[in-house]
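Me: Please take a close look at one part of this predicted model, the strand pairing in a sheet, and go through it neighbour by neighbour. I would like the surroundings described as well, in one connected account.

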Amino acid sequence: MTKSTILSIIVAVGIIGLALWFSGSSGKGGAEVGALNTTINGDKQYIDIVAKGGYSPKVINAKAGIPLVVKMNTANTFDCSAFVVIPSINYRGTLQKDGTTEIPIPAQPAGTTLRGSCGMGMYGFAINFI
Amino acid sequence: MNTYRFHVHGMHCKSCSVLIENDLKESVGVRNLHVNYEKKELDVSGDFGGIAPEKIAELFTKKIEQHGYSVSLEKERRAKAKLSDFNLAIPFALAFMAAFILLQKTGIVSFGASGTMTLGTVFIIGLIASVSTCMAVVGGLLLSMSATYAKEGQGLRPQAMFHIGRLISFFILGGVIGALGTAFQLSGTAHLLIGVVIAFIMIILGLNLLDVPFVEKLQLTLPAGLSKKVFRHAKGSQVFAPFLLGAATFFLPCGFTQSMQLYSLTTGSYLNGAMTMLVFALGTLPVLSLLSFGSVSINKSKYAGVFFKTVGIVVIAFALYNFLNTLVVAGIIAPVFSF
């Protein structure tokens, strides 16, 4: 009996693994590791992210020690990406359907990585503070 | 006076034996009748006036086939050719999942709609939602439910009830949102809880569809005594349970559904909100019906075993996918998927 169960569970896990591998290899708009991609203006830094069917860029390298403003840009965004969750700073917010929504993020020490995802978890982004 | 032993097909819970006993014990000639759920056997004694046992099995089947059961002299057929089904089910499941992943990679969710929202746009958003990652939640749950009902041999009714429940609740609750101007939003804890419960249900149903004996023992069955009472009054479990499940999909975590709810609240009137949510649900209907009515039609074919095992694997994979995503949102693990 259990042979078939185990087999199916292995396959299910295998499919998940495949999905992981698939999604991991697509670094669309990902920044080079180490290069800042925020714009510093005064005592704050800014980054523009397009939120629609995922987030682009997915990796943000920000400067440590100064506050960051994430500008989420939407245009007819109806999918999950319109709901942003950043668990470690307790942020849960809804983006407007069209336009720009700003998410203020307090200054973080170097080496911190904040991970955000959409409201149901299928799209993610990461902010590295360096 | 003769005594016969028949094999019963299509029983899925203890209450089935009660239902069958109730339906058959009034038959002509029957003196004593007992259905054994564990062994899937029916023992009957009585005066049948020399009718052949094959004929009795036929007569009994006629009385209970409306509930999806049948009676025969031979043992259950499905016991055979079990493992070999996986030879086809595994590649099918892989192909389905690969197609699903590729569909997400085409960026179908990033379709370009014009600025103004019309009911036509809302319908298209519904269509897109039904093939998006929302499928993993609503579609996965529906698929597991449909295939489970279909496997029990039940007809179109529970499937239809699910869709009717979904459409009605989207209309009514959409109107409520429009009229009140407040959207329904899950708290972080509620989201986590619902996510875990749904994943658990889907895994149980998925394992069930794989038709492996040890899960059947795990099945949550109503005590026979309680079932007797319930079944005497109503054969409603095929109607209300799917109806409620369909209605509850309004609250399931799906980005598109929530976006539409947010849009409905800006419409500012009961009718506009109701229409928006109804048209959105209608947009998701073609794909969702395909999932549920497909399960029913394939049940009679000889590939039923392969089909249910394929669905079982897909449902389990969806359940794991949903479960991991739920943990991501709760901040327990880092995001793992990104299509």
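Reply: Helices here are DSSP runs of H or I with at least four residues, strands are DSSP runs of E with at least two, and both are numbered from the N terminus. On that basis, chain A of this predicted model holds one helix and 10 strands, and the order along the sequence is α-β-β-β-β-β-β-β-β-β-β, with the helix ahead of the strands. Of the 130 residues in chain A, 36% are buried, and among its contacts between residues at least 6 apart in sequence, 54% join residues at least 24 apart.

The part to examine is an open sheet of five strands in chain A, arranged in the order S4-S10-S9-S6-S7 with mixed pairing. Strand S4 (59-62) and strand S7 (91-94) of chain A are at the edges and have a single partner strand each, so that one side of each lacks a neighbour in the sheet. With direction ignored, neighbouring strands in this sheet are turned against each other by 20 degrees on average.

Beginning from the S7(A) edge, S6(A) and S7(A) are paired in the antiparallel sense through four bridges, and within this pairing A:Val85 stands opposite A:Arg92 of S7(A). These two strands make a hairpin with four residues between them, where A:Asn90 adopts a positive phi near 60 degrees. On its other side, strand S6 (residues 83-86) of chain A is joined by two bridges to strand S9 (residues 113-118) of chain A, and this pair also runs antiparallel. A:Val85 appears again here, since its bridge partner in S9(A) is A:Ser117; the residue thus takes part in the pairing towards S9(A) and stands opposite A:Arg92 in S7(A).

The next step across the sheet leads from S9(A) to strand S10 (residues 124-129) of chain A, and these two are antiparallel over five bridges. A:Thr113 of this pairing faces A:Asn128 in S10(A). Here too the two strands form a hairpin, with five residues between them, and A:Gly121 in the turn has a positive phi of about 90 degrees. Beyond S10(A), the order of the sheet ends with S4(A), which is one of the two edge strands.

The loop that leads into S9(A) deserves a separate look. A:Gly111 lies between strand S8 (99-105) and S9 of chain A, and its 9 C-beta neighbours inside 10 Å place it among the exposed residues, for which the limit is 12 or fewer. A:Gly111 and A:Ala64 are separated by 47 residues in sequence, yet their C-alpha atoms are 7.9 Å apart in space.

As for the surroundings, chain B contains 13 helices and four strands. Of its 339 residues, 42% are buried, and 82% of its contacts with a separation of 6 or more involve residues 24 or more positions apart. Two helix pairs illustrate how chain B is put together. In one of them, helix H7 (residues 188-209) and helix H13 (residues 304-329) of chain B have axes that come within 8 Å and cross at roughly 165 degrees, which means that H7(B) is roughly antiparallel to H13(B). Their crossing is left-handed. Among the residues in this contact are B:Leu192, B:Ala199 and B:Met202 of H7(B) and B:Val315, B:Phe318 and B:Phe323 of H13(B); by class, the contact has 17 nonpolar, six polar and one charged residues.

In the other pair, helix H5 (residues 138-151) and helix H6 (residues 157-180) of chain B pack with their axes 9 Å apart and at an angle of about 155 degrees, and H5(B) is therefore roughly antiparallel to H6(B). B:Leu142, B:Met145, B:Ser146 and B:Tyr149 of H5(B) meet B:Pro158, B:Gln159 and B:Phe162 of H6(B), a contact with five nonpolar, two polar and no charged residues.

Terms used: Residues are numbered from 1 along each chain as its sequence is written. Chains are lettered from A and ligands numbered from 1 in the order in which they are written. This is a predicted model: local features need pLDDT of at least 70, side-chain atom pairs count only at pLDDT 80 or more; totals for chains, interfaces and linings use all residues. A residue is buried if 20 or more other C-beta atoms lie within 10 Å of its own, exposed if 12 or fewer, and partly exposed in between; C-beta atoms are placed from the backbone. Two residues are in contact if their C-beta atoms, placed from the backbone, lie within 7 Å. Axes are lines fitted to C-alpha atoms, for helices over the stretch in contact, and angles run from 0 to 180 degrees between N-to-C directions. Angles under 35 degrees count as roughly parallel, over 145 as roughly antiparallel, 65 to 115 as roughly perpendicular and the rest as oblique. A crossing is left-handed if the near helix is turned anticlockwise from the far one by less than a right angle, and right-handed if clockwise. Ala, Val, Leu, Ile, Met, Phe, Trp, Tyr, Cys and Pro count as nonpolar, Asp, Glu, Lys and Arg as charged, and the others, Gly among them, as polar. Two strands pair if DSSP finds at least two bridges between them.
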